[in-house]
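Load the model in your viewer and keep the selection panel at hand. The tour below goes stop by stop, with something to select at each.

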Amino acid sequence: MNFKKTYTKQFILLSVLLVLLSILNISSGSVSIPLDEILTIIFGGGSAKDSWETIILNFRVPKAITAILVGSGLSISGLLMQTLFRNPLAGPFVLGISSGASLGVALLILGSSAFGGYFLTVSFSSWGIAIAASAGSFLVLSAVIIAAQKVRNTMSILIIGLMFGSFTGAVISVLSYFSEAQQIQQYVFWSFGSLGNLTWNEITIFFSIYLVGMCGVFTIIKPLNSFLLGENYAKSLGINVKQSRIIILIITSLLTGVITAFSGPIAFIGLAVPHIAKLIFTTSNHKILIPATAITGAIILLICDIIAQVPTSEFTLPINAITSLLGAPVVIWLLIRKKKIYV
Amino acid sequence: MNSINPHIVLNTEDLAIGYQQKKEHKTVADNINLSIQKGKFIALLGKNGIGKSTLIRTISKVQNPLKGTIFLNKKDLSNYTNKELATKLSLVLTERLPESQLTVFELVALGRQPYTNWVDKISKKDQEKIDWAIQLTEIEHLKNNRFYELSDGQLQRVLIARALAQDTEIIILDEPTAHLDMHHTYKIFNLLKRLVVNTKKTIIISTHQINLALEIVDELIVMNSDLIVSGETQKIIDSDALSTLFPKEILNFNKKLRQFTINKDN
């Protein structure tokens, strides 16, 4: 579909916003560093203070990159789920996929103490957590999909997703009960969500998996668009519905899994951002929506992270709390507003 | 191809349709032997629940036959890939479209998917076909509207335009006038008739508008519980096929009036 003319303005605006917010994000933190110093450090120049260089290059830049990857990746996952389930309330969180990832990580961290430190060596490697989270999210997503094929009603599918969420939550509680305080603390901190603490090495791993998922997304623009008419029409347009559905699910679990692994479960971004992108771009065409949702997601998580720093203070709030604080009102507002449009 | 040996686009041999529930076959209708000629307007008649939708879903490969074979241009339907079939046969279904912000133009443009590249880029030829479909269905003024803003009658024209843009020999419509008043029902029938005459496409519809169908369509397929009859409209009227469509105590087919009348004695 051809719309280039209409959307260039929004894309340019959002891209400029993304760059500005990235710089603002890097400049905010407990140690205040002048903006011109920040820019020289980023563009490879030295700095008056070595400590500033370390803070910027080893802490703040990786954190900003993580925010961009997490924000865009989760938003894209949400968009894919909403199109696949043809339900505006679908998202990695509501469908229990994030809970699946949490379960995977909980089994690794808490299980290692519950089962006598058997996996202890694995649990501390980022690869171990990444694999556990991806496997967990894929498992729950597959279960939701199998259920989705038995019940056609999308409302039931969402309820099933929520049930999986509570189920995994309960399993995690049981595991916690048998675990040692240290492991529980490690798991709780992981579940607060965090964009920082990633080394460049880990970011490379993160980015590689993210890139695979994102490249995959661009190959399924056509099936995603055909799903806007429902599965029967999609099939009559020559789309291999089953295969496309599986690809969508693999990409979603890959993105959600790797993100949850490296930054913990981050709520609401996946549900709320696609709606915000749809409001800004007023289109359902995935050729536009995919990049639009990715940029919007990155921007919103950068904002959330700036707020989480609590500017001019020593505190850093859990990012997971900020996204929900911001996300929940947005979803409520959307539902109220939507009623006006459709009725 | 001449008039003695007409061009058959779609035919069925000993077709049985229905559903497979676990290991049991639930047959809806069997012994279906149809042969549909190119460039005809065909109406599929039958009472509620007799299996019209099942037949439509089966000949359009949405579901598989229980038995027998369907031939599209003399080739077994099961040998077509989805993509190949999408260039031969298009559908207008009764199901509601999921919520989205698609505009009328975008919705019609989706009909070009079997021909577009991997990012759905609209070529010059695609654009021409879309414009042609929009023009034929007289929906130019709605082009930039969102589809959820349309009335049922307008939406039906847009869905027909989408099927036209798909550029197939056969278009199958499942109860295209289900929610429409008499005036809009007539307009849809009239539009479909014009499309058959002007584009030489084969159009098959299932409908409950029997009286209107008898006036407009070229051929009928009449589904009764034990027998499926098909043929030219006049021949079917002259036979007794229509009189068995509904219980005789309530509805009678009047051959002279070419319509059903209600038995007042009841």
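## Stop 1: helix α14 of chain A

Select α14(A). This helix has 23 residues. From first C-alpha to last it reaches 31 Å, close to the 33 Å expected at 1.5 Å a residue. Keep in mind that the model is predicted. Colour by burial next: 21 of the 23 residues of α14(A) are buried, so the helix is largely enclosed by the rest of the structure. Then step past its end to A:V310, which follows α14(A) and has a positive phi, near 45 degrees.

## Stop 2: α3 against α14

Add helix α3 of chain A, residues 50–84, to the α14(A) selection, residues 286–308. At what angle do the axes of these two helices cross? The crossing is at roughly 135 degrees, and the axes come within 7 Å. That angle makes α3(A) oblique to α14(A). The crossing is right-handed.

Now show the residues in contact. On α3(A), pick A:A64, A:A67, A:I68, A:V70, A:G71, A:S72, A:L74, A:S75, A:I76 and A:L79. The α14(A) side includes A:L289, A:I290, A:T293, A:A294 and A:G297, and further along A:I300, A:L301, A:L302 and A:D305. Colour this contact by residue type: 14 residues are nonpolar, six are polar and one is charged.

## Stop 3: helix α13 of chain A

Move to α13(A), residues 269–281. Its 13 residues reach 18 Å from first C-alpha to last, close to the 18 Å expected at 1.5 Å a residue. Is α13(A) largely enclosed or largely exposed? Largely enclosed by the rest of the structure, because 10 of its 13 residues are buried. Select the buried ones: A:I269, A:G270, A:L271, A:A272, A:V273, A:P274, A:H275, A:A277, A:K278 and A:F281. Just after the helix comes A:T282, with a positive phi near 35 degrees.

## Stop 4: α3 against α13

Bring α3(A) back. Its axis and that of α13(A) are 7 Å apart, and the two helices pack at an angle of about 80 degrees. They are therefore roughly perpendicular to each other.

Select the contact. α3(A) contributes A:G71, A:L74, A:S75, A:S77, A:G78, A:L79 and A:Q82. α13(A) contributes A:I269, A:G270, A:L271, A:V273 and A:P274. By type, this contact divides into six nonpolar residues, six polar and no charged.

## Stop 5: A:G78

Zoom in on A:G78, found in helix α3 of chain A. Buried or exposed? A:G78 is buried, as 30 other C-beta atoms lie within 10 Å. Which residues does A:G78 touch, leaving out those up to four places away in sequence? They are A:G91, A:P92, A:G270, A:L271, A:V273 and A:P274. Draw a distance to A:T256 as well. A:T256 is 178 residues from A:G78 along the chain, yet their C-alpha atoms are separated by 9.3 Å.

## Stop 6: chain B on chain A

Finally, show chain B. Here 25 residues of chain B are in contact with 27 residues of chain A. Select α2 (82–86), β7 (89–92) and α3 (104–109) of chain B: each supplies at least two residues to the side that touches chain A. The largest share, three residues, comes from α2(B). Colour this side of chain B by type to finish: 14 nonpolar, six polar and five charged residues.

Note on methods:
Residues numbered from 1 in each chain as written. Chains lettered and ligands numbered in written order. Predicted model: local features only at pLDDT ≥ 70, side-chain atom pairs only at ≥ 80, totals over all residues. Axes fitted to C-alpha atoms, helices over the stretch in contact; angles between N-to-C directions. Helix = DSSP H or I, 4+ residues; strand = E, 2+ residues; numbered from the N terminus. Parallel < 35°, antiparallel > 145°, perpendicular 65-115°, else oblique. Left-handed = near helix turned anticlockwise from the far one by under 90°. Contact = placed C-beta atoms within 7 Å. Nonpolar A, V, L, I, M, F, W, Y, C, P; charged D, E, K, R; others polar. Expected span 1.5 Å × (residues − 1). Buried ≥ 20, exposed ≤ 12 C-beta atoms within 10 Å, placed from the backbone.
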